[in-house]
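Welcome! Please open the structure in your viewer and get ready to select a few residues, one stop at a time.

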Amino acid sequence: MTKSDPFGFDMSIRSAKKKNPRGRRAATGASETSVRVCDKDGCEEAGKFRAPKAPDVLDDFYWFCQEHVREYNNRWNFFEGTTEAELNAQQSKDKVWERETKPMGDPEARAWARLGIEDPHQVLGQNATRNPGRSAQAGRRLPPTERRALEVLEAKDDWSKADIRKAYKKLIKVLHPDMNGGDRSQEEQLQEVVWAWDQIKDSRSFK
């Protein structure tokens, strides 16, 4: 039982087909509303079956009768005139429904590439560096003063106190005026080196 629409609209599919019969097709594929004549020379039958004109013109059609559309389809070759290389390329695209897999890579690098920069660190020039994070730091937990002292002495936290002392003496020979020919231009750095060794020599973190 159907209810009448108080506004007088009929939204059924059957009603829409009655109002717009274009494109209505029979089970055979024939266009029931076509009034064309078969495009085959000398044929006067109704052209109710459409066929694309060429592989690269798939939205423009010939219209044939049933007999001549069968004849046309039997002679149809989508790859006519295609080279072997073009055929192989098309087959490769068809395997992925013409949706080629995007190359994997660093999304950050791809973002910079859109700006014409191959290496994101080119933005900072030759002095660009990556944040080393925790993995690049030593595993030992040291007070900030001792960590700074190691940097000044160019030493590592897995060195013994004797090894660090050797590095300290090596720097003293370069920086102390009594050992470098009287050059006092590096006295500030010398004072920093002496301070660094004072932190290490009394430390319990190093044997």
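Start by selecting Ser203, which sits in the segment after H7. Bear in mind that you are looking at a predicted model. Is Ser203 buried or exposed? Its relative accessibility is 5%, so Ser203 counts as buried, the cut-off being under 20%.

Now show what surrounds Ser203. Leaving aside residues up to four places away in sequence, Ser203 touches Glu146 and Lys161. With Glu146 there is a polar contact between the two side chains, at 2.8 Å. The side chain of Ser203 also reaches the backbone nitrogen of Ser205, at 3.0 Å.

Next, follow Glu146 into its helix. Glu146 is among the H5 residues that meet H7, so select both helices: H5 covers residues 144-152 and H7 covers residues 187-201. Their axes lie 8 Å apart and the helices pack at an angle of about 130 degrees. That angle makes H5 oblique to H7. The crossing in which H5 passes H7 is left-handed.

To see the contact itself, display Thr145, Glu146, Arg148, Ala149, Leu150 and Val152 on H5, then Glu192, Val193, Trp195, Ala196, Gln199 and Ile200 on H7. What kinds of residues make up this contact? Seven are nonpolar, two are polar and three are charged.

For the last stop, go to Glu154, in the loop between H5 and helix H6 (161-175). Most residues other than glycine have a negative phi. Glu154 is not a glycine, yet has a positive phi of about 55 degrees. Glu154 is exposed, with a relative accessible area of 61%.

Methods
Residues are numbered from 1 along each chain as its sequence is written. This is a predicted model: local features need pLDDT of at least 70, side-chain atom pairs count only at pLDDT 80 or more; totals for chains, interfaces and linings use all residues. Side-chain values use heavy atoms; hydrogens and water are left out. Axes are lines fitted to C-alpha atoms, for helices over the stretch in contact, and angles run from 0 to 180 degrees between N-to-C directions. Helices (H or I, at least four residues) and strands (E, at least two) are DSSP runs, numbered from the N terminus. Angles under 35 degrees count as roughly parallel, over 145 as roughly antiparallel, 65 to 115 as roughly perpendicular and the rest as oblique. A crossing is left-handed if the near helix is turned anticlockwise from the far one by less than a right angle, and right-handed if clockwise. Contact means heavy atoms within 4.5 Å. Ala, Val, Leu, Ile, Met, Phe, Trp, Tyr, Cys and Pro count as nonpolar, Asp, Glu, Lys and Arg as charged, and the others, Gly among them, as polar. Buried means under 20% relative accessible area, exposed over 50%, partly exposed in between (1.4 Å probe, protein chains only). A polar contact is a pair of N or O atoms within 3.5 Å; within protein, one must be able to donate a hydrogen and the other to accept it, and residues adjacent in sequence count only if both atoms are side-chain atoms.
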